[in-house]
Amino acid sequence: MPQIARRTVLAGGAGGAAGLFLGGLPAALAAPLSGPPLLDPSSIPKYVSPLLVPPAMPVTSSGAVDRYVLGLRQIRQQVLPRGMPATTVWAYGSESASGTHNAPSLTIEATAGRPVEVTWVNRLVSGTSGRPLPHLLPVDPTLHWANPGGGEDGRDGHPTFTATPGPYLGPVPMVVHLHGGHSDEESDGYPEAWFLPDTRGIPDGYAHVGTHYDRMATAWAERHGGEWAPGTQRAHYGNDQAAGTLWFHDHTLGITRLNVYAGPAGFFLLRGGEHDLEPGVLPHRSADGSTAYEIPLAIQDRSFRRDGSLFYPDTREFFDGFAGPYVPHSDIAPIWNPEFFGSVMMVNGRTWPAHRVERRRYRLRLLNGCNSRFLVLALVTDPMARPTSPAVPFWQVGGDGGFLPRPVAMERLLLGPAERADVVVDFTDLPSGTRVHLVNEAPDEPFGGGQPEEDFEWADPSTTGQVMAFTVVDRVGPETSTPPEQLALPAPPPAPAAVRTRRLALLEADSEVLADVGPRAAFLGTMDGAVAVPLAWDDEVTETPSLGDTEVWELHNDTADAHPIHVHLVQFSVVDRQAAGESARAPEPNESGPKDTVIAYPGEVTRIRARFDKPGLFVWHCHILEHEDHEMMRPFRVE
């Protein structure tokens, strides 16, 4: 990993406290400025909750297409260990099968070449009155966001105010994106194609759908027939791509960070086709769930209040001590935090869970589902020791969108937000009774590369430095999977040669009206020679690949942070990275397969190559969700 570049950002104006954008007190470990007190993470018992292995989502109907009707509902869930308060979350689940709502969701199991159609339903309404629910978390209405209250002429806008507003309360818009999916534009979950629940009580004058909802619904009708009922979005996932570990989550303009933090996300596992292994070659899960040697693990960080509720900051002051003036008296948003790091680690919707594993091989499908946090994972017997001494390696066999050309043995595994890793872990040689901990060595702050202790401090070994535990037990039955070092992997071919190169920029900006206050927003943009030109979400589209063309995108990172850059529609090849004045270096061995999210390090150019083979309007963005929500997202159009 490249060396980290550090910088200090001072908070000015009222409050005047100094803060570090890279470094300083992790935001989620500070005291909240309002509301009930935070739950001390050290008071939460570890490794007492069993890991939930998400079962398959039940299919609503099946024929030539597998159809699901999945609603987003508010539920109470035991996220903290039993005996502690339950947590109110939002969860996807089947509208035709009770007991299926969970955060994260049950897994959609799909087969290459066999389409899946999902009707997504916004059920964020009161179960008693049917009126729309308020948001669980503080929505900053001063960003460029969905803005239903602006009416049809002000939706998806950047509202103006005469006084600093409080948080927007509701109703809540949603739209779902299949991350990694090779989807047509109307099924991709465009951020301005959001929709409110179809229920009474929507205030007069509110927009019920986003500015692109009707266009996407019309495109759906032309391609597939049928209409979108009020309060729904329909998506057709053709699954005409390599087998891989995909996931779905909310993608509403300007509040993705909050909607996803509230719970709605889930795995979409695509199997079969020419770029998959025969059943049984890798550790697997039986159809009835009686044996589960393949386990998807969604790793997320959260903070909680003592009553069990989710905590997320309701003021910018929480981030760096800056207490105003805010919009409209400056250009600093009053609520938005540039990053947020939870104080508690959660896997598959439970805090610090435990799982029994036999002395055999397991396939782990790892997802970094955090808002801002990078992960550096290792498997160790002593979770408090730093530096760590891994007990067993990860054998990575796949990445975001399919298999690697060959297995890669790794003692540590770096995952940026939204990245996935398909790994085999062999517990065979560990004595029965051994406890192996999955730990996190990345920092409790924005990540920029480098090494722990040299360039950043470890995550707190007693809290965010621990993720979950495996207890090894004797094996039951024979081991039939192939040793990972002997695997011949069916990697998809890389993207073909490019016909053009686009030079793009990753940027941040401090206040334009207050000295030494920032960052106020993050941006994407273009390069004009050596000059980076920032562009906002609603600026004219500048990336317009021709249908069928392959392009290289050069990502020039002019910030102090590493950014996980996600490009919709495509699985790309990582070409290389290059620091100023140095030769280009090849991608890491575990980046040699198809990717949809790449880490762009500070002060470097990261090059990716992708073929754009579907027409329409899509987006690319930083997958630090706080960045994405405040201008670090841009549309692109394939023509």
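In the predicted model, Asp516 is exposed, because its relative accessibility of 57% lies over the 50% cut-off. The residue is located in the loop that links β25 and β26. Its backbone is marked by a positive phi of about 60 degrees, although Asp516 is not a glycine. The loop between β25 (500-509) and β26 (521-528) also contains Pro519. The peptide bond that leads from Gly518 into Pro519 is cis, and its omega is near 0 degrees.

A positive phi also occurs at Ala418, a residue other than glycine, where the angle is near 85 degrees. Ala418 has a relative accessibility of 1% and therefore counts as buried, the cut-off for this class being under 20%. Ala418 is placed in the loop between β21 and β22 (420-426). A cis peptide bond is likewise found between Gly324 and Pro325, with omega at about 10 degrees. Pro325 belongs to the loop that runs between α4 (317-320) and β14 (344-347).

Strand β21, which borders the loop of Ala418, takes part in an open sheet of five strands. The order of the strands in this sheet is β16-β24-β23-β18-β21, and their pairing is mixed. The edges are occupied by β16 (354-358) and β21 (413-415); each has a single partner strand, so one side of each remains without a neighbour in the sheet. On average, neighbouring strands of the sheet are turned by 25 degrees against each other, direction ignored. Within the sheet, strand β18 (residues 375-380) and strand β23 (residues 435-440) run antiparallel and are joined by four bridges. Leu379 has Leu438 of β23 as its bridge partner.

The largest pocket of the model encloses about 630 Å³ of space. Its lining consists of 27 residues, of which Pro492, Pro493, Ala495, Gln571 and Pro594 are the closest to the pocket centre. By residue class, the lining of the largest pocket comprises 13 nonpolar, ten polar and four charged residues.

Conventions: Residues numbered from 1 in each chain as written. Predicted model: local features only at pLDDT ≥ 70, side-chain atom pairs only at ≥ 80, totals over all residues. Heavy atoms only, no water. 1 Å grid on protein atoms, 1.4 Å probe; cavity = no way out; pocket = protein on both sides within 12 Å on 5 of 7 lines; lining within 4 Å. Points joined across faces, edges and corners; volume = space filled by probe spheres on them. Nonpolar A, V, L, I, M, F, W, Y, C, P; charged D, E, K, R; others polar. Pairing = 2+ DSSP bridges. Helix = DSSP H or I, 4+ residues; strand = E, 2+ residues; numbered from the N terminus. Axes fitted to C-alpha atoms, helices over the stretch in contact; angles between N-to-C directions. Buried < 20%, exposed > 50% of the residue type's maximum accessible area, 1.4 Å probe, protein only.
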